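I am opening a notebook on this structure. These entries record what I looked up, one spot at a time.

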Amino acid sequence: MVSASQVLDRVLVLEMVRVTEAAAIAASRWIGRGDNDAADAAAVEAMRAALNQLPMDGTVVIGEGERDEAPMLFIGEKVGTEQEQGPSIDIALDPLEGTTITANAGPNALAVLAIAEQGGLLNAPDVYMDKIAIGPGYPQGTIDLGRSVADNVRALAKAKGVDTREIVACVLDRPRHSAIIAELRALGCGIKLIPDGDVAGVIATTDPDTSVDIYLGTGGAPEGVLAAAALRCVGGQMQGRLLFRNDDERGRAKRWGIDDLDRIYALEDMAKGDCIFAATGVTDGSLLDGVKRRKGGCTTTESIVMRASTGTVRRVTTEYHKPF
């Protein structure tokens, strides 16, 4: 069991839910309206305002981008009411994971947040990350990014005691994943293709109701760190390797202190020690229901919040009877 952090004890778990709820409700006004930027901006503004009400000295280590690229919630931004005085907290966030999903009223859009003690979260640049993840209950070393897709699936099937045809993989539906999909098809695996939302895709490996056994493919590095924080709370295995398309991205990594550009990061390299993960559904999905506005002005949200030191997972349904 991960030891509890006295620093995180001062930041109540449910406060994290309030932050993701605020972002989800703000973004939900833009569901199906075809405006990615407006949905994202609404979520960012709401999450920033909520974070700035908390008694902490928070630093955004995974955010909307670097300072020159993002007016709010940029990497390095300070949040909280006790800056330089309160507990030092590192924050990874995605105010709206699934901007296109929200704009098109698709499934699995989330407002997501993870916190840890200072230095507990990988300060990953906004580049791509090659990822592999499975849920809890398997021997350590079952998966390895250094092996082929086929070898990883065979190892997982052996650990699970099933044929490879019984394995279901979750993969982002992107042209860049055509080789992965072909390899999975050759093994007879089931494939759950998702349009966006790879944080939810990784978490799906921990939930037997989703039937997802393994997550594979390339997505955003910030989302990889957020997903790693969730797995730290509930168990599972994950590895990630940063991918750089040009010298600018390699230079960005150097600025954030990343010297080994080919390193394979294990789960605890991305999220270590005690950490808290929270998410609120924006649109309905496999993990959470989305925001609902009901007759009479009642707004309901569904959230999940996890903590590594206690191994607890709470599902929180909230009713707001004050109109938004």
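**Entry 1: D57**

I am working from a predicted model. I began with D57 and asked how open it is. Its relative accessible area came out at 6%, so D57 is buried, the cut-off being under 20%. I then looked up its place and found D57 in strand β1.

Next I listed what D57 touches, skipping residues up to four places away in sequence. The list holds K78, V79, E82, Q83, E84, Q85, G86, P87, S88 and I89. I checked one of these, E82, by C-alpha atoms. D57 and E82 are 25 residues apart along the chain, and their C-alpha atoms are separated by 5.3 Å. I also looked at the side chains. Those of D57 and K78 are joined by a polar contact of 2.8 Å.

**Entry 2: D40 and E64**

Which residues does UniProt list here for "binding site"? I found D40 and E64, from an unreviewed entry. I wondered why they can be said to gather at one spot. They span 25 residues in sequence, yet no two of their C-alpha atoms are more than 9.7 Å apart, so they do gather. I also noted that D40 and E64 are both included in the lining of the largest pocket.

I took D40 by itself. I placed D40 in helix α3, which covers residues 36–51. Its relative accessibility is 18%, so D40 counts as buried, with the limit at under 20%. Leaving aside neighbours within four places in sequence, I found D40 in contact with E64, L96 and T99.

Then I took E64. I found E64 in the loop between β1 (57–62) and β2 (78–79). At 24% relative accessibility, E64 counts as partly exposed.

**Entry 3: T102**

I moved on to T102, in helix α4. Is T102 buried or exposed? I read 0% relative accessibility, so T102 counts as buried.

I compared its position with that of D40. The two are 62 residues apart along the chain, and their C-alpha atoms are separated by 9.1 Å. I then listed the residues that T102 touches, not counting those up to four places away in sequence. They are A27, W30, I31, G32, A39, L96, A109, V282 and T283. I saw L96 earlier, since D40 is in contact with L96.

**Entry 4: a longer binding-site list**

I went back to UniProt. The same feature name, "binding site", again from an unreviewed entry, is placed at E97, G98, T99, Y128, R174, P175, R176, D196, G197, D198 and G220. Of these, I found D196 and G197 in the lining of the largest cavity.

I picked G98 from the list. I found G98 in the loop between β3 (88–97) and α4 (99–103). With a relative accessible area of 12%, G98 is buried.

I picked Y128 next. I placed Y128 in strand β5. Its relative accessible area is 30%, so I wrote Y128 down as partly exposed. What is Y128 in contact with, leaving aside its neighbours within four places in sequence? I found R176, T218, G219, G220, A221, R241, L242, L243 and R245. Among them, R176 and G220 are on the UniProt list too.

**Entry 5: the sheet around β5**

Y128 made me look up the sheet. I traced 6 strands forming an open sheet, in the order β7-β6-β8-β5-β9-β10, with mixed pairing. I noted the edge strands as β7 (190–194) and β10 (264–266), each of which pairs on one side only. From one strand to the next, the twist averages 20°.

I followed one pair of strands. Strand β5 (residues 128–134) and strand β9 (residues 237–243) pair in the antiparallel sense, over 7 bridges. I noted that D130 stands opposite R241 in β9. R241 had already come up as a contact of Y128.

**Entry 6: E302**

I closed with E302. I found E302 in strand β13, residues 299–307. At 16% relative accessibility, E302 counts as buried.

Which backbone nitrogen lies 2.7 Å from a polar atom of the E302 side chain? I found that of D289. I listed what E302 touches, not counting residues up to four places away in sequence. The residues are A279, T280, G281, L288, D289, R315, V316 and T317. D289 is thus in both of my notes on E302.

Note on methods: Residues are numbered from 1 along each chain as its sequence is written. This is a predicted model: local features need pLDDT of at least 70, side-chain atom pairs count only at pLDDT 80 or more; totals for chains, interfaces and linings use all residues. Side-chain values use heavy atoms; hydrogens and water are left out. Two strands pair if DSSP finds at least two bridges between them. Helices (H or I, at least four residues) and strands (E, at least two) are DSSP runs, numbered from the N terminus. Axes are lines fitted to C-alpha atoms, for helices over the stretch in contact, and angles run from 0 to 180 degrees between N-to-C directions. UniProt positions are given in the numbering used here, feature names are shortened, and annotations may be inferred rather than shown by experiment. On a 1 Å grid over the protein atoms alone, a cavity is a set of points where a 1.4 Å probe fits but cannot get out, and a pocket is an open set with protein on both sides within 12 Å along at least five of seven lines; lining residues have an atom within 4 Å of a point. Buried means under 20% relative accessible area, exposed over 50%, partly exposed in between (1.4 Å probe, protein chains only). Contact means heavy atoms within 4.5 Å. A polar contact is a pair of N or O atoms within 3.5 Å; within protein, one must be able to donate a hydrogen and the other to accept it, and residues adjacent in sequence count only if both atoms are side-chain atoms.
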